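Here are a few notes to read alongside the structure, written for someone meeting it for the first time. Please keep the model open while going through the points.

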Amino acid sequence: MAKDHEEDLTLHDLIEGPTRDLTSARAAALAQTNARPTSDDHEVDGTSGDPQGSQLHDRPSEGAGPAGRRRVELDGLPASGGLYRRALLRAVPGVGGRRGTDVPALELAVGGVAVDQGHLADYDRVCGFRLTDRLPATYLHVLGFPLSLRLMTGPGFPIPLTGVVHVANRITVHRPVEVGERVDFHTYAENLRPHERGRQLDVVLIGSIGGEEVWRGVSTYLGKERAAGGGPRRDRGDRPAPPDSSARWRVTPRVGTDYARVSGDHNPIHTSKLGARLFGFPRPIAHGMWSKARCLAALEPRLPEAYTVDVSFKLPVPLPSTVAFSASAAGAGWDFALHSARDGRPHLAGSVR
């Protein structure tokens, strides 16, 4: 039985449920594509433990992708619940495998992903978008996220998913995508580099229709490590005063659970007091991609047909809290930010160009 959003999760819940990935709406969308979710027990190694490579969903395609990456075609989006459970179990000492020293030379792909209108409407409501048949830029991140999650929980991935920090996200919309279109996704990781608190890398997710790239997302993740990896240090100077706000939003704990439900991103730091404490947060924090989506929804009537929206995630938004949104025109684009309404601490800084 699903728990009420106000109840906290137990440690058993964190490892075994209730994080089974897709909502019924997304499962229905998968059924429309005649694609079944792949087994949670399979590793992404091109054969899923099948030495004959007979399982079509993990069979490498002919040839290699760009930059020498091996391309693996899946026959459907994976279920992220099992992937999160795997990541949590690998965080247990003596259980997790070795981490790679570089990004995997691997590209995962899935074709013909359909959009369920009910799920899209649910996402729009949670994030504040208007109810239309045009997909918000951030929705395609949600739609293809299980594929990237599968990559990040694969063997040898250099940064562990548990405790990873999403520090930046850039989305480029080449043209609007409508609800009736089917999207082909592929994902890969690149640019592993040192950081003053560990290592960071970029996970690239690309959406195409009819062989044409229509959408690209680049998420930058930081894996904290005890031994700092070097890299540029942040400016520790005085914090600038926040700009005047144009709106204030009350962000309740339900934002964490509702966004997890519609996004499939069930990281317990967003949905559970216990889960947040296990990773050093006194209480749950809002998903960074919810914060970005909420800001983009506020700018929705002013967005062009094609644009790039780039954000840096600063300090987490604790749940509950009140945040202040500000936006200012910058030529043909926009600069925007999210701050704490109480003390002006920065949560997010972004731009649309």
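1. A good place to begin is the way two helices meet, bearing in mind that this is a predicted model. The crossing of helix α4 with helix α6 is left-handed. On the α4 side the contact is made by His119, Asp122, Tyr123, Val126 and Cys127, while α6 contributes Asp258, Tyr259, Arg261 and Val262. Sorted by chemical character, the residues of this contact comprise five nonpolar, one polar and three charged.

2. How are these two helices oriented towards each other, at what angle and with what distance between their axes? Helix α4 covers residues 117-127 and helix α6 covers residues 253-263, and they pack at an angle of about 155°, with axes that are 10 Å apart. Angles over 145 degrees count as roughly antiparallel, and α4 is therefore described as roughly antiparallel to α6.

3. The aromatic rings deserve a separate look, since the count of aromatic pairs comes to four. One of the pairs joins Tyr123 and Tyr139, whose ring centres are 5.2 Å apart and whose planes stand at 70°, an arrangement classed as edge-to-face. Because Tyr123 belongs to helix α4 and Tyr139 to helix α5 (residues 137-152), this pair ties together parts that are 16 residues apart in sequence. Both Tyr123 and Tyr139 are buried.

4. A further pair consists of Trp249 and Phe325, and here the ring centres are 5.1 Å apart with the planes at 20°, so the pair is stacked. Trp249 sits in strand β8 (residues 247-251) and Phe325 in strand β10 (residues 321-330), so this pair ties together parts that are 76 residues apart in sequence. Trp249 is buried, and Phe325 is buried as well.

5. It is worth returning to the rings around the helix contact, because ring pairs link Tyr123, Phe129, Tyr139 and Tyr259 into a cluster. Within that cluster, Tyr123 and Tyr259 are also among the residues that make the contact between α4 and α6.

6. Finally, some figures for the protein chain as a whole help to place these details. Its secondary structure comes to eight helices and 12 strands, and of its 353 residues 54% count as buried. Among contacts between residues at least 6 apart in sequence, 72% join residues that are at least 24 apart. The pair of Trp249 and Phe325, with its parts 76 residues apart in sequence, can be read with that figure in mind.

Methods:
Residues numbered from 1 in each chain as written. Predicted model: local features only at pLDDT ≥ 70, side-chain atom pairs only at ≥ 80, totals over all residues. Heavy atoms only, no water. Axes fitted to C-alpha atoms, helices over the stretch in contact; angles between N-to-C directions. Helix = DSSP H or I, 4+ residues; strand = E, 2+ residues; numbered from the N terminus. Parallel < 35°, antiparallel > 145°, perpendicular 65-115°, else oblique. Left-handed = near helix turned anticlockwise from the far one by under 90°. Contact = heavy atoms within 4.5 Å. Nonpolar A, V, L, I, M, F, W, Y, C, P; charged D, E, K, R; others polar. Phe/Tyr/Trp six-rings, centres within 6.5 Å; stacked < 30°, edge-to-face > 60°. Buried < 20%, exposed > 50% of the residue type's maximum accessible area, 1.4 Å probe, protein only.
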